[in-house]
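Q: Please take a close look at the charged side chains of this model, and describe the pairings they make and the surroundings in which they lie. I would also like each term to be explained where it is used.

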Amino acid sequence: MTSGGGRATPGRLPGYVFRPYRGHTDHGAMAAVRLGCAERDRVDPGSVVEGLPTATEIAESCAALDDPSENQVLVEHNGGVVGYSTIRWWQERDGTWLYLHRGHLLPGHRGRGVGSAMLTWAENRIRRLVQQQGTARTAVLGANAMACEEDATALLLESGYRRVFSLVELQLPDLRRLPEGGQVPERVRIGAVGPSGYRAAWQTVVDSYADAAFTPEWTFERFVATADPTCWRAAWDGEHMAGVALCSIRRQDRTVGEVEELSVRSESRRLGLGRALLLDGLRCLREHSAVTARLYTGTANPHRSYDLYESVGFRRKSEYVRYRKPIDA
């Protein structure tokens, strides 16, 4: 994306062609765009939020889109792909329909109105989708940018988007150096999660987001479809599941572990369960080949979970900002 020059449209950019996504033949070019943006935008290749995807990972992401040829556009210049935009949408817990667009443009083509034209394409396409789907009453436009993406940030702010929250990614650089501790009351048991505990684990996470804004609906079916319980840990207070740490080894790099969720029920907080679950999950990641670990959390987290993460050795890496704009703006 790029800043400046007003709101350009595809038809007013001599030398540039906007075309639909064509399938597997585009994945290599899209990955090359991401690689070409990495230095300028200070992309963290190992990020678990938004890293540097391979062509295979882009193919998987495209396959998960609704009608990818209609909801992606590629930008060509002199026959080569120099940028692309993608649209996806979902309903949040409060009923909001979020229509998210994300664009990537090679630095050498910024400052010419191309990024502005990509944003115009995305907004126009989203407005058509909203009309078709009948979601206008609760629909909003959404866009993401890393805090270090100066060009994208400037364009979004100039185009009327406003920051609503951000995610902070943290890294624990050496799993061999975990602190001691993690004591819990004697009545609490911490252990692995088997298939019989899936629903309780899912419900524990869902309940922990009950009062959180900007969170998508998360069905039990989606939870089970991606379940990898090897390094999942749960805390039971009697027969009651009081908290979970859902950890996994990253498929892209098996030396990296990820803490996907750390949730403790409100009535069981301040008993040391979060720290104990986190440390137990990190030890399991270490036992399964991970050398480092990553996670992300919201900066508006009312429980200040990042204080816990920093206390066991995690350090902040990057910030990922979420922007929104009224659909009729």
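A: The side chains of Asp-151 and Arg-110 are joined by a salt bridge, with an N to O distance of 2.8 Å; a salt bridge here is a side-chain nitrogen of Lys or Arg within 4 Å of a carboxyl oxygen of Asp or Glu. The model is a predicted one, in which local features need pLDDT of at least 70 and side-chain atom pairs count only at pLDDT 80 or more, while totals for chains, interfaces and linings use all residues. Residues are numbered from 1 along each chain as its sequence is written, and side-chain values use heavy atoms, with hydrogens and water left out.

This pair links distant parts of the chain: Asp-151 belongs to helix 4, Arg-110 to the loop between strand 4 and helix 3, and the two are 41 residues apart. Helices (H or I, at least four residues) and strands (E, at least two) are DSSP runs, numbered from the N terminus. Asp-151 counts as buried because its relative accessibility is 13%, and Arg-110 is likewise buried, at 12%. Buried means under 20% relative accessible area, exposed over 50%, and partly exposed in between, with a 1.4 Å probe and protein chains only.

By the rule above, the count of salt bridges comes to 24. One of them joins Glu-319 to Arg-163, whose closest N and O atoms are 2.4 Å apart. Glu-319 lies in strand 12 and Arg-163 in strand 6 (residues 162-172), so this salt bridge ties together parts that are 156 residues apart in sequence. Here Glu-319 is partly exposed, at 26% relative accessibility, and Arg-163 is also partly exposed, at 46%.

A further salt bridge is formed between Arg-187 and Asp-237 (3.0 Å, N to O). It too connects distant parts of the chain, since Arg-187 is in the loop between strand 6 and strand 7 (188-192) and Asp-237 is in strand 8, 50 residues apart. With a relative accessibility of 21%, Asp-237 counts as partly exposed. In addition, Arg-34, Glu-50, Arg-102 and Glu-149 are joined into one network by salt bridges that share partners.

One member of that network, Glu-149, also bears on a cavity. A cavity is a set of points, on a 1 Å grid over the protein atoms alone, where a 1.4 Å probe fits but cannot get out, and its lining residues have an atom within 4 Å of a point. Grid points are joined across faces, edges and corners, and a volume is the space filled by probe spheres set on the points. There are two cavities of 30 Å³ or more, and the largest has a volume of about 110 Å³. Of the 15 residues that line this largest cavity, Cys-37, Asp-41, Val-43, His-104 and Glu-149 lie nearest its centre. Helix 1 (27-41) and strand 4 are the elements that give two or more residues to the lining, and strand 4 gives the most, with four residues.

Not every buried charge is paired. Arg-125, located in helix 3 (residues 114-133), is buried yet has no salt bridge, and the nearest side chain of opposite charge, Glu-70, is 4.3 Å away. In this reckoning, Lys and Arg count as positive and Asp and Glu as negative, while His and the chain ends are not counted. With neighbours within four places in sequence left aside, Arg-125 is in contact with Glu-70, Asn-71, Ile-87 and Gln-132, contact meaning heavy atoms within 4.5 Å.

The helix that holds Arg-125 also contributes to a nonpolar core, defined as a set of buried Ala, Val, Leu, Ile, Met, Phe, Trp, Tyr and Cys residues joined through side-chain atoms within 4.5 Å. The largest such core has 30 residues, among which Phe-18 and Val-114 touch the most other members. Several elements give two or more residues to this core, including helix 4 (150-158) and strand 12 (315-326). Helix 3 supplies the largest share of this core, nine residues.

Two other charged residues are notable for their backbone. Asp-67, in the loop between helix 2 (55-63) and strand 2, has a positive phi of about 50 degrees although it is not a glycine, and it is partly exposed at 41% relative accessibility. Arg-270, in the loop between strand 10 and helix 7 (273-287), is not a glycine either, yet has a positive phi of about 65 degrees. Arg-270 counts as exposed because its relative accessibility is 84%.

How values were computed
On a 1 Å grid over the protein atoms alone, a cavity is a set of points where a 1.4 Å probe fits but cannot get out, and a pocket is an open set with protein on both sides within 12 Å along at least five of seven lines; lining residues have an atom within 4 Å of a point.
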